[in-house]
Amino acid sequence: MLFLSIETSCDETAAAIFEDGSPETGPIIRSSVVASQLKLHARFGGVVPEVAARAHLQQLLHVVDESLQQAKVKLSEINAIAVMNRPGLVGALLVGVSAAKALSWSLGVPLIAVNHIDAHLYACRLSAKRNIYPCVGLVVSGGHTTLFHCQSALEIKPLGGTIDDAAGEAFDKVAALLGLGFPGGPAVERAAKAGNPKKYQFPRSFLREERLDFSFSGLKTAVRYCLRDIEATGTAIEEQVKADVAASFQKAVVDVLVGKCRQALERLQLRTLAVGGGVTANQTFRSALEDMAEAEGVELMIPPMAWCTDNAAMAALAVEAWHAGDVASLDLDAEPVWSGRKNKQK
Ligand code: KG4
Ligand code: ZN
């Protein structure tokens with residue numbers, strides 16, 4: 001069975017073609033195409049929702065065509081359409097949802113709705129090519145920083161999450177404070193390479209508390225005050241200062257993320273950890289997760305880089321939904337806010 005999936009939740013226009021595969025090894029990705037809008041948003045220093053929605057409109061059909069061509073598949077051979085309809089920017093989501101509904105109706109094939117956050121975790125199952133459940137899941141992206149108890153691909157219960165900024169958002173804001181440009185995550189990571197992570201002591205919120213929540217707004221403010229204090233002494237914010245601040249900030253985020261994963265694994269007595277979302281592309285974070293996993297005897301599942309940031313391949317979660325009989329109707333809507341409900345449309 002062949003699926004075509006669509007992703008337009010934020011600033012990447014993406015489509016993928018996949019086969020259902022076997023229950024053991026999971027879906028097989030035939031193609032995955034991502035058209036990034038980064039250049040369009042860079043001059044605004046962040047994603048502009050209206051610009052994102054318009055760019056999806058312009059790019060989506062080309063991206064779908066490209067995904068079919070790369071997979072050597074004709075549109076008429078597609079047996080189901082999958083779309084990420086939640087959460088995300090509503091105008092952006094609507095472009096993908098509308099296109100998916102039109103394709104489903106015109107081809108006469110089922111429509112399957114996918115939760116973008118669950119899909120980030122499914123990227124781990126997809127790349128592992130074997131069962132990874134039960135496990136602790138962490139989604140760490142521009143919009144979310146949430147820990148989950150994953151009983152299966154579709155049974156995912158939140159354990160805790162950020163009470164203010166997401167980790168990726170903190171990277172983006174600190175990059176702006178340091179004048180490093182957009183997107184902030186990769187820019188901070190590049191700057192941090194030449195920096196000393198012990199130079200500044202930034203807060204690690206909730207790290208010593210039992211709750212499995214996160215808070216990054218205090219950390220962002222601490223970086224702001226640190227830069228202000230340096231400037232107040234008459235010192236210019238030179239490259240080395242930027243590098244040291246970036247490295248110290250990155251270390252604070254990584255310490256908290258890894259520490260909370262360790263706590264969640266211990267609390268649930270689980271030995272498998274799946275981590276997904278854009279921030280998972282960060283090498284310092286990946287190395288710290290690997291070190292923790294080795295020290296604790298935990299099996300770590302991280303997707304390859306291309307499946308950490310937004311893409312449509314991870315919507316292969318639709319295969320699981322399909323097997324569970326979870327098919328959406330043509331009145332499917334875009335849901336901008338993740339409601340934590342189960343993955344059911346009917
Ligand atoms: O998952 P994603 O592509 O989109 C959302 O669903 O939000 O995540 C985007 C976020 C951005 O905040 C970006 O700055 C961050 O992931 N990010 C990184 C890195 N690459 C992307 N953060 C830290 N280090 C990176 N290398
Ligand atoms: Zn995402």
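This passage walks through a zinc site, a helix and a loop residue in a predicted model.

The zinc ion (ligand 2) is a good place to begin. Its protein donors are His116 (through NE2), His120 (through NE2) and Asp310 (through OD), and they lie 2.0 to 2.1 Å from the ion. Along the chain, these donors follow the spacing H-x3-H-x189-D. His116 belongs to helix H4 (residues 116-128), while Asp310 sits in the loop between strand E10 (299-301) and helix H10 (317-323), so this pair ties together parts that are 194 residues apart in sequence. His116 is buried, with a relative accessible area of 7%. Asp310 is buried too, its relative accessible area being 15%.

What is the geometry of the zinc site? The angles among the four donor atoms run from 92 to 141°, and the site is irregular. To count as tetrahedral, four donors need all their angles between 85 and 135 degrees, and the upper end of the range found here is 141°. For orientation, the ideal angle for four tetrahedral donors is 109.5 degrees.

Attention now turns to helix H6. Seven of the nine residues of H6 are buried, so the helix is largely enclosed by the rest of the structure. The buried residues are Gly184, Gly185, Ala187, Val188, Glu189, Ala191 and Ala192. Three helices are packed against by these buried residues: H5 (167-177), H8 (239-268) and H9 (283-296).

One member of this helix, Glu189, deserves a closer look. Which side chain of opposite charge is nearest to Glu189? That side chain is Lys193, 4.7 Å away, and Glu189 has no salt bridge although it is buried. A salt bridge requires a side-chain nitrogen of Lys or Arg within 4 Å of a carboxyl oxygen. Glu189 does have a polar partner in the backbone: the nitrogen of Gln283 lies 2.7 Å from a polar atom of the Glu189 side chain. Setting aside neighbours within four places in sequence, Glu189 is in contact with Gln250, Ala281, Asn282, Gln283 and Thr284.

The last stop is Pro304, found in the loop between E10 and H10, where Asp310 also lies. Is Pro304 buried or partly exposed? With a relative accessible area of 40%, Pro304 is partly exposed. Pro304 and Ala123 are 181 residues apart in sequence, and their C-alpha atoms are 8.6 Å apart in space. Again leaving out neighbours within four places in sequence, Pro304 is in contact with Ser127 and Arg286.

Key:
Residues numbered from 1 in each chain as written. Chains lettered and ligands numbered in written order. Predicted model: local features only at pLDDT ≥ 70, side-chain atom pairs only at ≥ 80, totals over all residues. Heavy atoms only, no water. Donors = N, O, S within 2.8 Å, 3.2 Å for Na, K, Ca; no water. Tetrahedral: all angles 85-135°; square planar, octahedral: opposite > 155°, others 65-115°. Helix = DSSP H or I, 4+ residues; strand = E, 2+ residues; numbered from the N terminus. Buried < 20%, exposed > 50% of the residue type's maximum accessible area, 1.4 Å probe, protein only. Lys, Arg positive; Asp, Glu negative; His and termini not counted. Polar contact = N/O pair within 3.5 Å; in protein donor to acceptor, adjacent residues only side chain to side chain. Contact = heavy atoms within 4.5 Å.
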